[in-house]
Amino acid sequence: MPTYGDIRKWQPAPLEATVTGLNQRCDELVGLSDELTASGVPEGWTGEAADGARAERDRLQNSMELLVAAAAAVRRGVAEASDAVEALKHSVAETDSIAERNHFVIREDGSVVDNAPVTAHDPAHIDEYFRERQRVQQELADRVEQAVRRGTDIDSDLAGVLRAAEKGEINDGGATSLQDALNAGAGQGGLSTIGPPEDGSPYDNAGWWDSLSEAEQQAIIDEHPEWIGNLDGVPGEARDEANRARLETERAALEARRDELQADLDDNWFGGTFTSADAELDAVNAKLDSLDAIEETLARPGERQLLLLDMSDERAEAAIANGNIDTADHVAVFTPGLTSTVDGSMGGYDNSMAQLQFRTEEELARYGDGGSVATVTWIGYQAPQLSVGGVLFDSNSVLSDGSAQRGADSLAPFLNGIDASRDTDPNLTALGHSYGSTTTGLALQQNTGVDSAVFFGSPGLGTNDVDNINVPTGNAHYIEARNDAVGDLGYFGIDPSHMDGMNHVSAGETTLPDGRTLTESTGHSAYMDDSSTSQYNLSVVVGGMPDRVVTDDGKGFGDILSWPVPGTY
Amino acid sequence: MGYEVEIEAMRAAAKAAGQAAEQAAKVELGAEVERIAPALPGGQAGAAATALATAWERAVRNWSTEAGNYSTNVSGSADGYVGAEDDATADFGAVR
Amino acid sequence: MDHNEQYQALSERPDIEEAQARYEGLLSTIRDQLVAEFGIAEWKPPASPVRGSACGPDFTDIDADGEIRRLSSGSSPGNLPDERWTAAVTLVAETARGLGFGDPEVVVDRQQDHEVSLKDEYGAELLFGTAANTTLSISTGCHLTKAAKERGAPA
């Protein structure tokens, strides 16, 4: 097996030269066709000697066909290996450059060594420092692992073709001409497509994807969209293309299941009363409605990316970005909460996210940065639904944090995957509402690379200590509106309103020092209302302008009076 | 006298085979894959390519030799018929 | 309002394509006027000048039949000087009034940092501002799609 150091030394150019050379050699061999035809035994010559000559001549023709087929197979194999090595070299160069930028050394054996100069760190930010180091080290180790996996795969596939050629195992497909033999041989020289790593981290997935040539990536999108549609660490554009292609197959499968269940019910005298078919039919219909909602949203004007499409659980899961998460300077991921569903909530939340994107981008354009923004609605978990009678929190049906825990285990890699898939990390913000803030709070207790968080209307973040929320110190924000009962529950950890170290930002009516008046949000569901203080606060954090946040006493975080005049800094 | 035409045809076939043998001998197929091993250190493909280079050099050489032998055989047979009209009458019977 | 009432209310409005065309015409006129009369720099168009989404809270049941669009002008590099800001707002308001927009409301007003908001009867908002750069945008209210309006009844 090649080591990482070996792969560093691999060169596509000699492989390319081999292909060029084999092109010429194949032409020369196929060029023997005329002579071979002319060398045929005359029809009028018969007898033992003639028969012997005829057999000898047929053998010559046949062995040349096999040789040509083998040469064609090798030519194809080396050509594919050359492209693959080229892509792999780019990936390795990128990995080495990440290492160098971050003061790590990758040894020949692939081990990653922290080589950062010893410097004093601000004790207030020491946790972030070590989290960042750990993340980069993990990224490098995973990328090295994937480069070696890919390199081993290229090497063993190519070796397979070369050995088959050597052992005469490339057949000519029953060809009767050298040209046909050439074509038949080429068909046997292709290298296999390597699938994604099993249970890979977002960095593994990113490393795998990065190691593929563009042609290989496109082939995977076309032939195996289910490999990458939901694979964290793969760029948004590829996931989007794959998931859009999957919409049709998912719909066909659900329609088939619906018809099956309907037929069962029609055959059953008792209707669905004594079967579970009724319940499943409802679930299948809701999933079909979810596909409608997704397609409806994707059809709206402006760039969108379908980053998640999963019909395997009880309710549909999906994530849709406004904008492009691969290129945006600022990316926000919004996790909604209680009662959220794809069929019922995607359109409305997407509208809120589209408005947030618009407000933030216009603000960035006016203040000079001009940065681009992508906002993602992530319904990638089974948000709790109302129980019979519409009760969420009562003594009989105690809401558990189970789906928030499971959701967090999906959200954390989703967030991490956005950084992992990009050469330069965006300013990444996690937004969590209601039970979605519990999910987000739990996810951010992992090492996600998220730069800022805004929680709003939260029944708890799954911790009592803001230090467990792994965003840089000072970058966790909490908004709670008046009369938000859910926000006062303190059900999953203390009410974040009382959490030390949390930035308590406002949902109240506000007049900013610049004269702007913003409206109050009240209750549990008005945090993203247009022109509200709450929405404004979300937009300035998402746009990387946290110094403009309005805190709960109506003043800006920091000294509001010393805000610099825009355009002068 | 049809068999004389056939003998000419045999000579032409022998000549073509001889040319094929000559041209094939110049095709350096094996040498092309010798570039692979230094380009991919540490793997299995390099060794496989080196083995293939040897196998192809031998295959091309053998083929050329065999094509040459065939050429010689056919040519020799044609010569033989010129000196032995009875054999020719028998072996080109179908031409009459 | 139920679904049917929402549809009826929206059918009184131009469809979204007509609305977009009118608003785009307005934005284009204002942009040209600002360049011609105030000498601001040529506008740099945005990457995505038109985006759309489902209608907001007032029209939750209208689904695919309705749409909001957001029209950005990108930005004109540089600050529009304080002493000319009021005149610029007057010009924008006069032009926008022709399309049914009301009086400008101040959003931001301080040195080298200004923004006004103008609204029309359909809930569209025109934002005009200047700080490091000058910006101009419209987010429309909810309008039926062309197909939904032609259909004459809710889907």
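Two strands count as paired if DSSP finds at least two bridges between them. Keep that in mind as you work through this predicted model.

**Exercise 1.** Find out which residue stands opposite Leu127(C) in β7(C), and how β6(C) sits with its neighbours.

*Solution.* Start with β5(C): this strand and β6(C) run antiparallel, joined by six bridges. The cut-off is at least two bridges, so six is enough for a pair. Here Ser117(C) lies opposite Leu127(C) of β6(C). Next, go to the other neighbour: β6(C) and β7(C) are also antiparallel, over six bridges. On that side, Leu127(C) faces Ser137(C).

Now check the turns. Five residues lie between the strands in the β5(C)–β6(C) hairpin, and Gly123(C) there has a positive phi near 90°. The hairpin from β6(C) to β7(C) gets by with two residues.

**Exercise 2.** Decide whether the residues of β6(C) are buried or exposed.

*Solution.* Buried means under 20% relative accessible area. By that test, six of the six residues in β6(C) are buried. Split them by direction: Glu125(C), Leu127(C) and Gly129(C) point one way, while Leu126(C), Phe128(C) and Thr130(C) point the other.

**Exercise 3.** Work out how many residues each chain brings to the contact of chain C and chain A, and what holds them in touch.

*Solution.* Count first: chain C brings 38 residues and chain A brings 31. Then take the area: about 2700 Å² is buried between them, 47% of it on carbon and sulfur atoms. In chain C, Arg51(C), Arg70(C) and Arg110(C) lose the most area to chain A. Finally, look for charges: there are five salt bridges across the interface. One of them links Arg51(C) to Glu361(A), with the closest N and O atoms 3.0 Å apart.

Terms used:
Residues numbered from 1 in each chain as written. Chains lettered and ligands numbered in written order. Predicted model: local features only at pLDDT ≥ 70, side-chain atom pairs only at ≥ 80, totals over all residues. Heavy atoms only, no water. Contact = heavy atoms within 4.5 Å. Buried area = accessible area lost by both parts, 1.4 Å probe. Salt bridge = Lys/Arg side-chain N within 4 Å of Asp/Glu carboxyl O. Buried < 20%, exposed > 50% of the residue type's maximum accessible area, 1.4 Å probe, protein only. Helix = DSSP H or I, 4+ residues; strand = E, 2+ residues; numbered from the N terminus.
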